[in-house]
Amino acid sequence: MEEEDAITIRLTRDQAFVLSDWRYQVMFKSDDLAGIIRDRAVWSPVYAISGTLDKTLSELFMPDYGVRLEAAKDRLRIDLYGGDSESTTPGESG
């Protein structure tokens, strides 16, 4: 891929951390991985994103990973839903 064809995606550290955990759950703990990602071509961008997240996030290797992850999720929920931590879909009324 030529450099001018590359796309940059910007995430906050919290977004990257939560996405990394979700990706781990899907890739390594799911019994239905083929059902979640049906097209094998999707693995190319998934691996590219995974590698970047793994190299960037020091939180992945910290002993208080779970506490940090929950705090990041809480901050993202507040940013997205304004404190309604029960909603799972943006704009969904709870």
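A residue counts as buried when its relative accessible area is under 20%, as exposed when that area is over 50%, and as partly exposed in between. By this scale Asp54, at 35% relative accessibility, is partly exposed. The model described here is predicted, and the values below are computed from it.

**Overall architecture**

The chain holds four helices and zero strands, and its elements follow the pattern α-α-α-α along the sequence. Of the 94 residues in the chain, 22% are buried. Among contacts with a separation of 6 or more, 56% join residues that are 24 or more positions apart.

**Salt bridges**

The count of salt bridges comes to six. Three of them are set out in the table, each with its closest approach of side-chain nitrogen to carboxyl oxygen.

| Basic residue | Acidic residue | N to O distance |
|---|---|---|
| Arg13 | Glu59 | 2.7 Å |
| Arg23 | Asp54 | 2.9 Å |
| Arg68 | Asp64 | 2.9 Å |

The bridge between Arg13 and Glu59 links distant parts of the chain, the two residues being 46 residues apart. Arg13 belongs to helix 1 (residues 13–29), whereas Glu59 sits in the loop between helix 3 (43–56) and helix 4 (65–81). The partners have unlike surroundings: Arg13 has 42% relative accessibility and is therefore partly exposed, while Glu59 has 10% and is therefore buried.

Asp54 and Arg23 form another of these bridges. Because Asp54 lies in helix 3 and Arg23 in helix 1, this pair ties together parts of the chain that are 31 residues apart in sequence. Here the acidic partner, Asp54, is the partly exposed one, at 35%, and Arg23 is buried, with a relative accessibility of 10%.

In the bridge between Arg68 and Asp64, Arg68 is partly exposed at 34% relative accessibility. Asp64 is likewise partly exposed, with a relative accessible area of 31%. Both values fall between the limits of 20% and 50%, so neither residue is classed as buried or as exposed.

**Nonpolar core**

The largest nonpolar core consists of eight residues: Ala16, Phe17, Val18, Leu53, Leu57, Leu60, Leu69 and Ala72. Helix 1 and helix 4 each contribute at least two residues to this core, and helix 1 provides the largest share, with three residues.

Leu53, a member of this core, touches Ala16, Leu19, Ser20, Arg23 and Leu60 when residues up to four places away in sequence are left out of the count. Among these neighbours, Ala16 and Leu60 also belong to the core, and Arg23 is the salt-bridge partner of Asp54.

**Largest pocket**

The largest pocket encloses about 360 Å³ of space. Its lining comprises 13 residues, and those nearest the centre of the pocket are Ile9, Leu11, Ile49, Thr52 and Leu53. The elements that give two or more residues to this lining are helix 1 and helix 3. Helix 3 gives the most, with six residues.

By class, the lining has nine nonpolar, three polar and one charged residues. Leu53 thus appears in two settings, as one of the residues of the largest nonpolar core and as one of the residues nearest the centre of the largest pocket.

Terms used
Residues are numbered from 1 along each chain as its sequence is written. This is a predicted model: local features need pLDDT of at least 70, side-chain atom pairs count only at pLDDT 80 or more; totals for chains, interfaces and linings use all residues. Side-chain values use heavy atoms; hydrogens and water are left out. A salt bridge is a side-chain nitrogen of Lys or Arg within 4 Å of a carboxyl oxygen of Asp or Glu. Buried means under 20% relative accessible area, exposed over 50%, partly exposed in between (1.4 Å probe, protein chains only). On a 1 Å grid over the protein atoms alone, a cavity is a set of points where a 1.4 Å probe fits but cannot get out, and a pocket is an open set with protein on both sides within 12 Å along at least five of seven lines; lining residues have an atom within 4 Å of a point. Grid points are joined across faces, edges and corners, and a volume is the space filled by probe spheres set on the points. Ala, Val, Leu, Ile, Met, Phe, Trp, Tyr, Cys and Pro count as nonpolar, Asp, Glu, Lys and Arg as charged, and the others, Gly among them, as polar. A nonpolar core is a set of buried Ala, Val, Leu, Ile, Met, Phe, Trp, Tyr and Cys residues joined through side-chain atoms within 4.5 Å. Contact means heavy atoms within 4.5 Å.
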